[in-house]
Amino acid sequence: MTTVDTPIYRLRRGTRPLLISIPHLGTTLPDEVRAQLTAEGPVVADTDWHLDTLYAFAEALGCSVLGARVSRYAIDLNRPADGQSLYPGQTTTGLCPTETFHGVPLYAPGAEPDAAETARRLDAYWKPYHAALADEIARLKAEHGRVVLWEAHSIASVLPRLFDGKLPDFNFGTADGKSCAPEVIGAVLAAIEAAPFTRVHNGRFKGGHITRAYGDPAGGVHAIQLEMCQSLYMNEDAPFAYRPDLAAQVQPWLERMIDAALAAV
């Protein structure tokens, strides 16, 4: 396995036909972005915390892992470049988020990123991540014929502004079946049939931009997003500590899912 390490992302190239993408892993705020934010910004509360640690087993399985270094507060790598909403009519955050998941402003009034600043961030942070993502998918597909793109995400289990009640533990998204063949997602779901966790498929989270844009089952790319409740493996309140005792209960099931996805392709 080889590693590509840049200020924007870290890519660990594997040998098997599965790529784990973690676009919201980053906690780095570039100086030019940090200077624009309110005091809430550096907390980077809406990070998908510790997913590189939780999925560390995947490298031993030979999977590729691509993790962002730059925070979603600079730019959201899982939003389309034109900023179109992925969930029309529902509350969500944008390409360059102006508030947290709880609705706390990230900028002083009138200081939100304008079109020129958004374009700068697209060029500086968004495009390099997507270039690496597309290149790695193409490399794996050329070598193996088919590839699974596993979009790894996590979120606080209770966020009244974004959804009602508590989320299921595992939230699978395949863009209503468009991003992944039934036999691939079916194998993944079958692998956790006995798991002591609640789950839903194409519920509140159907898959973000990456799942929808790169998933092409007919072309051999099967994209699955898994949005997990952070309560499964960490403390959801600052300082957002990793909980090895909790993680040890969920990791074997994650490994079963990854194994099942690999077997299916």
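Hi everyone, this is a short tour of the cysteines and the internal cavity in one structure.

Before we start, this is a predicted model, where local features need pLDDT of at least 70, side-chain atom pairs count only at pLDDT 80 or more, and totals for chains, interfaces and linings use all residues. Residues are numbered from 1 along each chain as its sequence is written, and side-chain values use heavy atoms, with hydrogens and water left out.

Let's take the cysteines. How many disulfides does a search of the whole structure find? Zero, with a disulfide being a pair of cysteine sulfur atoms within 2.5 Å. Take C180: the closest cysteine sulfur to its own is in C63, 15 Å away, so a bond is ruled out by distance. C180 is buried at 3% relative accessible area, and C229 is buried too, at 0%. Here buried means under 20% relative accessible area, with a 1.4 Å probe and protein chains only.

Now the empty space. On a 1 Å grid over the protein atoms alone, a cavity is a set of points where a 1.4 Å probe fits but cannot get out. The count is one cavity of 30 Å³ or more, and the volume of the largest is about 220 Å³, taken as the space filled by probe spheres set on the points, which are joined across faces, edges and corners.

Its lining has 21 residues, and R72, R79, F101, F205 and E227 are the closest to the centre. Lining residues have an atom within 4 Å of a point. By type, the lining divides into six nonpolar, 10 polar and five charged residues. Which elements give two or more residues to that lining? They are β5 (147-155) and β8 (221-229), and β5 gives the most, with three. Strands here are DSSP runs of E, at least two residues, numbered from the N terminus.

Thanks for listening!

How values were computed. Buried < 20%, exposed > 50% of the residue type's maximum accessible area, 1.4 Å probe, protein only. 1 Å grid on protein atoms, 1.4 Å probe; cavity = no way out; pocket = protein on both sides within 12 Å on 5 of 7 lines; lining within 4 Å. Helix = DSSP H or I, 4+ residues; strand = E, 2+ residues; numbered from the N terminus. Nonpolar A, V, L, I, M, F, W, Y, C, P; charged D, E, K, R; others polar.
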